[in-house]
Amino acid sequence: LQIWCFSCHNGAALLKMSAFPKEQDDSTSQMQKAFLDGIYKTISKPPYELLKTEDLSNSLPSLQDIQTAYTKFKQLFLIDNSTEFWATDVKWFSLLESTNWLEIIRRVLKKAIEVTECLERKHTNVLLIEESATDLCCVISSLVQVMMDSYSRTKSGFQSLIQKEWVIGGHSFLDRCNHLHKSDKEEAPVFLLLLNCVWQLVQQYPPAFEFTETYLTVLSDSLYVPIFSTFFFNSQHQKDTSMSGEILQSQSSPFQFLTVWDWSVQFDSKAQAFLNNPLYAEKPKPDKTQRKNTRFKHQRQLSLPLTQAKSSTKRGFFREETDHLIKNILGKRIGKFINSSEEPPNSFQEFYDSWHSKPVDYHGLLLPRIDGPEIKVWAQRYLRWIPEAQIQGGGTIATATKILDLVEEVQSLQVKMDEEHSQATSGDVHSVPMLRNSARLSSLFPFALLQRQSIKPALPTSTWKDLEDEDDLVKRDDEFVDMSGDM
C-alpha cells in the first residue's frame, strides 16, 4: 500500500511504501505479482509516469547500526568527574568521529537533499521503500517537508508533521524507545535522529524557524516522560486498546492521557517563552487579491500530483539499480518497469552548489550544509549535565535572554502607548523582565546550572590516565593530541 506524504508545488509527490517480505510462499508471490500489475496499470498513466524509488534499507544505515552508533555517542557525555572530563577532552574529536553518529546524521541529510532534488528540480515523484515504512521513511519524509514547506517550520506546522508522519503513521515508539525495558533488540533512536537532523537546520538557519533549539530539546526529553501518551504507544490501535482496558474502565473517574503538546503541563508562561524564536522571519500575509490565488494554489498542492506538461517517452517504475527486490520476487527481469535513462553523476553536487550560491529565502527551500565541520553536536541536549562544558554568562542562551528582554520591553512600551492613546484610567503597567541576572546563567540554561567550579587538573592528562581504570573510550590512543583543546 502506497501512502501519500507530500506534494511539491510543481505537482511531484512524495510517497512511501513497505517492502515485500523476503521469505514467502507461492500464494503470497502470486498476490504480490497481481499487486504489481495493478500498480503498473496505474503508473503507466499521467501523472505517475516519472517515479523514482528509494530503498532506504539499502541506502541508509540499519536500525542496529544507528543504535550502536548512538550508544557509543552517549558514552562521551557520561562524565562522572572533572578528571574524566579532561582526559576525554584531549581526544574529543577522534572519539566523536569513532562513534559514527554525526556521519549517520550527514548521510540522512544528504539522502533528504537527494529526494528534494528529484521533487524540486526534476519534477519526479519519489517512492520511499522500507521494511515497515515507519522508521527511516518517517525520517526522510519529515525532513523533506521541513526543507521544502515553510509551514512545517512553524510550531503548529511541525506539530502537525510529527502527528501525521510519526504518531498516525504508526512509528513504534514503545519498541524503539524501549519504554517497558522488555527487549533491547527493537530499540533504536529513530525519532531522536530526526530531531538531531532538524536541529542542524535550526542552528544553520535560525530565522527560518518559529521554534528554537530549546523546543527541540524539550520535545526530545518528553519522548521519555511516561505521563504523556503521544510518544508511548506503537500505534493508535494499541493506544485505543489500552484506554479501553478493564482496569481503566473500573476506575471511578475516566483515565485521560496527557498530550505532550500541552506545554503548560511542564512549564510556566515565562519558561515557554524560550520555545519561541523572537527572530523568526514570519511570512508576510498577502492581501485579499493575492489570498484568493494562494488559496487556489494551496488546494492544488494538497491534491494528487499534477499532470506533467510533457509526458516522458520512457515510462518506468523501478530503476535498474533499485529493482533487485522486485526481480527476486518475480524471478525475472521486468523490463517495462525499468527507466533506462541515467542521471549525470554530478547532478546532486550541481543542485547543492547552485542553491548555496544564492541568497537564502527563509520561506522557500532550505538545504542544510552537510560538509564535515557543518554537522555539529547538539550541545544543549548532550552537554547540559557537564558543568565543565558550560559557559557561565555566555553562549547562545545569553543572546536569547537579551533578545527576550528587548522583546518584552518593546511589548511593554506598546502597551503604554495604547493606554495613553485610549486614555485608560487603569494603573500603570510595570514590566518585569523574564531574566534579569543573565550574566549568572550558564550557556545551557534552563536545563542545567553551574553547580561546581571546574578547575583543569594540574597534572598532565597522561598522568591522570595512568591513575584511572581501563575505559574503552578514555583509554584509546590518538594519533594527534592537542593539550589545549576544549569542547
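**Strand β3, the nonpolar cores and a surface patch**

Good morning. I begin with strand β3, from which Leu-51, Thr-53 and Asp-55 point one way and Lys-52 and Glu-54 the other way, every one of these residues being buried. Please bear in mind that this is a predicted model.

The strand covers residues 51-55, and 5 of its 5 residues are buried, so that β3 is mostly covered. Its pairing partner is strand β4, residues 125-130; the two run in the parallel sense and are joined over 5 bridges. Within β4, Val-126 is the bridge partner of Lys-52.

I turn now to the nonpolar cores. In soluble globular proteins, nonpolar side chains tend to be buried together. The largest nonpolar core here comprises 96 residues, and the residues with the most contacts inside it are Trp-101, Phe-158, Phe-191, Leu-216 and Phe-231. A second core, separate and made up of 6 residues, includes Leu-15, Met-17, Leu-51 and Leu-127. Leu-51 will be familiar from β3.

What does Phe-158 touch, leaving aside residues up to four places away in sequence? Its contacts are Val-146, Tyr-151, Ser-152, Leu-195, Val-198, Phe-211, Tyr-215, Leu-216 and Leu-219. Of these, Leu-216 was named a moment ago among the residues with the most contacts inside the largest core.

Finally, the surface. Ile-227, Leu-258 and Val-265 form a nonpolar patch there, with about 230 Å² of accessible area together. Val-265 lies in the loop between α13 (246-249) and α14 (269-272). Its relative accessible area is 38%, and Val-265 is therefore classed as partly exposed, given that this class runs between the 20% limit for buried and the 50% limit for exposed.

Thank you.

Conventions
Residues numbered from 1 in each chain as written. Predicted model: local features only at pLDDT ≥ 70, side-chain atom pairs only at ≥ 80, totals over all residues. Heavy atoms only, no water. Patch = residues over 30% accessible without salt bridge, like charges linked within 9 Å, V, L, I, M, F, W, Y side chains within 5 Å. Areas by Shrake-Rupley, 256 points an atom, 1.4 Å probe, with all protein chains shown as cover. Salt bridge = Lys/Arg side-chain N within 4 Å of Asp/Glu carboxyl O. Helix = DSSP H or I, 4+ residues; strand = E, 2+ residues; numbered from the N terminus. Buried < 20%, exposed > 50% of the residue type's maximum accessible area, 1.4 Å probe, protein only. Pairing = 2+ DSSP bridges. Core = buried A, V, L, I, M, F, W, Y, C linked by side-chain atoms within 4.5 Å. Contact = heavy atoms within 4.5 Å.
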